[in-house]
Amino acid sequence: MSRGGDAAAEDPTIPSPLWRRLLGFSMLPAIAAISPLIALPFLGRAAGPEGWASAIAGESIGTFAAIVIAFGWGTIGPALVAAAPDDTVRGRLYRDALVVRGLLAVVVLPVTIVLCAVTASPGYGLLSALMGVQGALIALSFTFFAVGVAKPGAIAAFDAIPRVITAVLAAALIAGTGVVELYPLSGIAVTLIGTGWYTVRILRRYPSPWSPPREWPLRFRTGLPVAMNEAALGAYSAVPTPLVHIATPDLSAGYASGDKMLKLGQFIPITLANAFQSWTVESHGDDRVRRIRLAIVAHGVLGIVGWAALSLLGPWVSEFLAPGSQTPTMICVILGAAFALYSVRTSMTRHLLFPYGYQIAVMRATLIGTVIGIPAMLAMAWTVGPVGVAVGYAATELVATAILLPLTIATIRRLREESERPFPRDGAAA
């Protein structure tokens, strides 16, 4: 990647305006995140209710697989890259991420394909498997590094814009041919080509030694707390749609639509967190505390807006996504509450708790929420139905957020009392 152009865009230690970061790291990735809305209505119409439910179930499994493969790099990676003292360390971080995620992908992807095929309705095993692979491969994305070095243009060029273009092409091809597998295949192509191209440029731009094989176990051990937190989060996120599909297959299409809207919406807090990531890191003392508080408040406002939008518009949007698969209003309201909690917790963990060394505390809160939420979903799937599964899912978010809230308040109070707290250079996933 060239050094030319704006120095602030290349050097993450040079501040850039917050509005530029919000535009680059929120708007562009958000556009890419919601680009599936272009093609999904065509997929839903062509596949029918059973195919639609199978596709979303496969995508849910793929999402969990992505979290396992990512091993926490998408969460802690941007902060580590932003705080790295020089380009050699940044290059080493990217190489370490490639090694860890590549080794996990070799193991996880075959398992993902089998699980998707088994879960799918008859005749839709290939579609479900491709949806799972598409979701899983997102874990190999380069975006964590682009966020860390404050380069939103790279995300636009290698990810956001190609996803929009391929979504339009996939929609047109599905409408003309009825081949629904074209949608996940297009997503797979964008991830592999975009990430591959960017990786070649980064390896040249940031020369650094590769970790020898004897150090690979250390890379896994140091990233384990964040990875376990992400895996627990992914576990309870992946359970609802396949569970509803098994327990109440006649109602699964409607729930699948609600789950898809929630998952699409959850990209927005993530991209907003990316916009604030290096902005909160580069300041010091009272200014850093102010920026962290602003980031958390912004995520809270986003959560409330998302809750209202999903509650009011969810049933209509779900019918647009897949005719005959409308999500009941009550499920939309419950999933909207889960979205609001998720939005706030995303900022609490990424901007405060992870950077300041509370990986274990975050992992513990997520595990407790998962231990409570998954049994609740299982118990209510057959007794209450899809609404009960939604309640169990929201309960998981509520428990995890409630556990972390006192720690968040106490940490902000302590940081406010200190003149400065040095940002850790060797975080959990280094």
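These legends walk you through several close-up views of a predicted model.

**View 1. Arg92 meets Asp96 within helix 5.** Let's start with a pair of oppositely charged side chains. Asp96 and Arg92 form a salt bridge, and their closest N and O atoms are 3.6 Å apart. Both residues belong to helix 5, which covers residues 87-119. Because they sit four residues apart in that helix, about one helical turn separates them. Their surroundings are worth a look too: Asp96 is buried, at 4% relative accessibility, while Arg92 is partly exposed, with a relative accessible area of 21%.

**View 2. Arg92 also meets Glu215.** Stay with Arg92 and look for another partner. Glu215 forms a salt bridge with Arg92, with 3.0 Å between the closest N and O atoms. Glu215 is found in the loop between helix 9 (182-205) and helix 10 (216-238), whereas Arg92 is in helix 5, so this pair ties together parts that are 123 residues apart in sequence. Glu215 is partly exposed, and its relative accessible area is 24%.

**View 3. Arg291 and Asp287 pair up in helix 13.** Here the side chains of Arg291 and Asp287 meet in a salt bridge, at 3.1 Å from N to O. Helix 13 spans residues 285-321, and the two partners are four residues apart in it, which means that about one helical turn lies between them. Arg291 is buried, with a relative accessible area of 13%. Asp287, at 27% relative accessibility, counts as partly exposed. Returning to the earlier views, salt bridges with shared partners join Arg92, Asp96, Glu215 and Arg219 into one network. For the model as a whole, the count comes to 12 salt bridges.

**View 4. Helix 6 packs with helix 9.** Now we move from side chains to whole helices. Two packed helices are described by the angle between their axes and the distance between the axes. Helix 6 consists of residues 125-137; its axis and that of helix 9 are 9 Å apart, at an angle of about 25°. Angles under 35 degrees count as roughly parallel, and helix 6 and helix 9 are therefore roughly parallel to each other. The crossing of these two helices is left-handed.

**View 5. Helix 13 packs with helix 16.** You have already met helix 13 as the home of Arg291 and Asp287. Its packing partner in this view is helix 16, made up of residues 386-417. The angle is about 155°, and the axes are 9 Å apart. That makes helix 13 roughly antiparallel to helix 16, since angles over 145 degrees are counted that way. The crossing of helix 13 and helix 16 is left-handed.

**View 6. Leu140 sits in a loop.** Look between helix 6 and helix 7 (143-148) to find Leu140 in the loop there. Leu140 is partly exposed, and its relative accessible area is 22%. Try locating Gly74 as well: Leu140 and Gly74 are 66 residues apart in sequence, and in space 9.4 Å lie between their C-alpha atoms.

**View 7. A nonpolar patch on the surface includes Leu169.** Our last stop is on the outside of the model. Ile161, Ile165 and Leu169 form this nonpolar patch, and together they have about 280 Å² of accessible area. To find the place, look for helix 8, residues 152-177, where Leu169 is located.

Note on methods. Residues are numbered from 1 along each chain as its sequence is written. This is a predicted model: local features need pLDDT of at least 70, side-chain atom pairs count only at pLDDT 80 or more; totals for chains, interfaces and linings use all residues. Side-chain values use heavy atoms; hydrogens and water are left out. Patches are made of residues with over 30% relative accessible area and no salt bridge: like charges are joined within 9 Å, nonpolar side chains (Val, Leu, Ile, Met, Phe, Trp, Tyr) within 5 Å. Accessible areas come from the Shrake-Rupley method with a 1.4 Å probe; for residues, only the protein chains shown count as cover. A salt bridge is a side-chain nitrogen of Lys or Arg within 4 Å of a carboxyl oxygen of Asp or Glu. Buried means under 20% relative accessible area, exposed over 50%, partly exposed in between (1.4 Å probe, protein chains only). Axes are lines fitted to C-alpha atoms, for helices over the stretch in contact, and angles run from 0 to 180 degrees between N-to-C directions. Angles under 35 degrees count as roughly parallel, over 145 as roughly antiparallel, 65 to 115 as roughly perpendicular and the rest as oblique. A crossing is left-handed if the near helix is turned anticlockwise from the far one by less than a right angle, and right-handed if clockwise.
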